[in-house]
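Reader: I'm new to this one. Could you walk me through how to read its features?

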Amino acid sequence: MNEIQKFEKERINNVLSNSKDKNLLESSKEFMLETIRTTYSYNFLWMGRPIIQYPQDIVAMQEIIWEVKPDLIIETGIAHGGSLIFSASMLALLEACGEIEKGEVLGIDIDIRAHNKEAIEAHPMSKKITMFEGSSIDDEMIARVHEFAKRGKTILVCLDSNHTHAHVLAELRAYANLASVGSYCITFDTIVEDLPQNSFDNRPWGKGNNPKTAVWEFLKENDKFAIDKEVENKILITVAPDGYLKRTK
Ligand SMILES: C[S@@+](CC[C@H](N)C(=O)[O-])C[C@H]1O[C@@H](n2cnc3c(N)ncnc32)[C@H](O)[C@@H]1O
């Protein structure tokens, strides 16, 4: 075994032992509870744009993008555009390294605020980004996205819009199959199921009605995807437990 293989083995063993460490799991859970309460996910920028994600999920996304090497990333839920800019910047890196020829990102949002649209369009990464405005689960929008997806050879899908069970299940049914074999349909905010009932008083989602319950139902009817537990075992802090869905066939 050479030094590189030795370190890889050490890394895999470390992830496994971390994922079984009761104290660590307890502190991760406590950290999630406290940081959801304090809207910690609003604290970050990617290349100057607010990205509503936890740093650990952003790193996990980076690892997935490097592994999958998509040339098209489809995202529902744009908000301030940080996640679109992140995806576009990763595709620009893949291009610069010669890993893909040309990469692009499609974002869908029901309400692209004028100031966000303007800032995204003025960003150096904007040439890789296309935005569609409308509900991600409208038939017309689903058809538009499928038409656009014909441009991609290897596709990664990220769902981060309305977090109710019905909406996410409809998105999974509409878009998950666009993810290429070996790629992912990442479903964010599955953490809602693991939080106390009163955590989202002003939201239509909560325990029993959220992205995780949608993922569970979707997996009963679609055998092409499996939850990649290794991602959450590795990062421990995540808004997407059971949300990293890998397309296996
Ligand atoms: C959590 S934010 C997205 C955050 C973004 N992905 C990021 O990481 O920075 C959720 C977004 O979903 C959008 N949204 C809500 N309902 C939607 C729907 N039916 N279709 C598409 N987008 C929707 C909201 O307008 C909001 O901008």
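Author: Sure, let's begin with charges and rings: a charge sits over a ring if NZ of Lys or CZ of Arg is within 6 Å of the ring centre and within 35 degrees of the ring normal. Here the charged end of Arg144 does that over the ring of Phe132, 3.8 Å from its centre. Arg151 likewise lies over the face of Phe148, 4.2 Å from the ring centre. Keep in mind that this is a predicted model, where local features need pLDDT of at least 70 and side-chain atom pairs count only at pLDDT 80 or more, while totals for chains, interfaces and linings use all residues. Residues are numbered from 1 along each chain as its sequence is written, and side-chain values use heavy atoms, with hydrogens and water left out.

Reader: How many aromatic pairs does the structure hold?

Author: A pair of aromatic rings is described by the distance of the centres and the angle of the planes. Rings of Phe, Tyr and Trp (its six-membered ring) pair if their centres lie within 6.5 Å; planes under 30 degrees apart are stacked, over 60 edge-to-face, and the rest tilted. The structure holds six such pairs. In one of them, the ring centres of Phe31 and Tyr40 are 5.4 Å apart and the planes are at 80°, so the pair is edge-to-face. Tyr40 and Phe44 are edge-to-face too, because their planes are at 80°, with centres 5.1 Å apart.

Reader: Which residues form one aromatic cluster?

Author: Phe31, Tyr40, Phe44 and Tyr54 do. Of these, Phe31 is partly exposed (between the 20% limit for buried and the 50% limit for exposed, using a 1.4 Å probe and protein chains only), at a relative accessible area of 30%.

Reader: And pockets: which residues lie nearest the centre of the largest one?

Author: On a 1 Å grid over the protein atoms alone, a pocket is an open set of points where a 1.4 Å probe fits, with protein on both sides within 12 Å along at least five of seven lines; lining residues have an atom within 4 Å of a point. The largest pocket has 45 lining residues, and Tyr42, Ile52, His163, Arg203 and Trp205 lie nearest its centre. Its volume, the space filled by probe spheres set on the points, is about 1100 Å³.

Reader: What about the second largest pocket?

Author: That pocket has a volume of about 410 Å³. Its lining has 16 residues, with Lys29, Asp194, Glu232, Leu236 and Pro241 nearest the centre.
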